[in-house]
Number of protein chains: 2
Amino acid sequence: MTVTAPDRFDVVFAALSDPTRRSIVRRLADGEASVLELAEPFPISLPAISRHLKVLEHAGLISRGRDGQRRPCQLRPEPLVEIAAWAEHTRAAWEGRLDRLDAHLRRTADRTPSPPPLERP
Amino acid sequence: MTVTAPDRFDVVFAALSDPTRRSIVRRLADGEASVLELAEPFPISLPAISRHLKVLEHAGLISRGRDGQRRPCQLRPEPLVEIAAWAEHTRAAWEGRLDRLDAHLRRTADRTPSPPPLERP
DNA sequence: CAGATACTTCACAGTTTGGTTATTTAACAG
DNA sequence: CTGTTAAATAACCAAACTGTGAAGTATCTG
């Protein structure tokens, strides 16, 4: 049983690759907001915002409610946690490599005064 | 001076939005590899891999050396750290919100048996 | 009912992306 | 120099993405 969903990563990373959408996500971290409120800072049309929101929703990064004629958006942090874990896990695997561990030990374990970068003629 | 580069996030998230490229990144976490070695698991052409690698390089996720006629690729973990930090920071901001803190306290602090969702006729 | 407000959906245009095959460059092996 | 291997580049194509303005839907307001 996998802890992380199969391939929502595709759509989550894709969703976050757009600056407008990242900005919206950051905005929603401060609390829910309506579509118009979210659109306000951006110089693009409302339909464009609407589609950005659909992308974010499809990625599981937001959920939308209904409050009268407004459709308030809420951040859903789970995908953020998942991608952070993925990135961290990958970095950790990289850091755990023997060769790099080796290099790291060489740099830190003894106090040899940092071997000069082997100047070439 | 900013620690994180201005908008490499666009290109980093975009780079990671492709499953082939994520797979390559994971592979490189286990150590450097040549283009042919990286291409081996995938059913796509070598030029396609080459372009994937260019995308990853442009995102700062890999660097490439030269060893004879091979061009070994190496993972560069910095962007991974940056996006993990971004995601975590965003999640932390969300979690820090008063309303959610409030809700959280209501759920945990006292032991009221979860008020039924206010059924509507 | 007739607006007005808050969005969403539609139809279209320009750009980007991910793949292909064919060609080219670089380094090694005889 | 010749051939082979590793990889990059060029030219092209179909699909997906991001924007637009116009029209449609849903909810409040009078």
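How do the residues of the surface near DNA strand D divide into nonpolar, polar and charged?

**View 1. The protein surface near DNA strand D in the predicted model.** The residues of this surface divide into six that are nonpolar, seven that are polar and nine that are charged. Helix 4 (46-58) of chain A supplies at least two residues of the surface, as do helix 3 (35-39) and helix 4 (46-58) of chain B, each taken separately.

**View 2. The residues that come nearest to DNA strand D.** Around the strand there are 22 residues, and of these Ser45(A), Arg51(A) and His52(A), together with Ser50(B) and Arg64(B), come nearest. Of the atoms of DNA strand D that come within 4 Å of the protein, 75% belong to sugar and phosphate.

**View 3. Side chains at the bases and at a phosphate of DNA strand D.** In chain A, a polar side-chain atom of Arg51(A) lies 3.0 Å from a base oxygen of the strand, and a polar side-chain atom of Gln69(A) lies 2.9 Å from a base oxygen of the strand. In chain B, an N or O atom in the side chain of Lys54(B) is 3.2 Å from a phosphate oxygen of DNA strand D.

**View 4. The relation between chain A and chain B.** Chain B is superposed on chain A by a rotation of 180 degrees, with 0.0 Å of shift along the axis and an RMSD of 0.0 Å. The two copies are therefore related as by a two-fold rotation axis. Within chain B, the C-alpha of Ala84(B) is the one nearest this axis, at 2.1 Å from it. Both copies use the same surface, since 100% of the contact residues of chain B recur in chain A.

Technical notes
Residues are numbered from 1 along each chain as its sequence is written. Chains are lettered from A and ligands numbered from 1 in the order in which they are written. This is a predicted model: local features need pLDDT of at least 70, side-chain atom pairs count only at pLDDT 80 or more; totals for chains, interfaces and linings use all residues. Side-chain values use heavy atoms; hydrogens and water are left out. Copies are superposed by least squares on the C-alpha atoms of residues with pLDDT of at least 70 in both. Contact means heavy atoms within 4.5 Å. A residue is near a molecule or strand if one of its heavy atoms lies within 4 Å of it. A polar contact is a pair of N or O atoms within 3.5 Å; within protein, one must be able to donate a hydrogen and the other to accept it, and residues adjacent in sequence count only if both atoms are side-chain atoms. Helices (H or I, at least four residues) and strands (E, at least two) are DSSP runs, numbered from the N terminus. Ala, Val, Leu, Ile, Met, Phe, Trp, Tyr, Cys and Pro count as nonpolar, Asp, Glu, Lys and Arg as charged, and the others, Gly among them, as polar.
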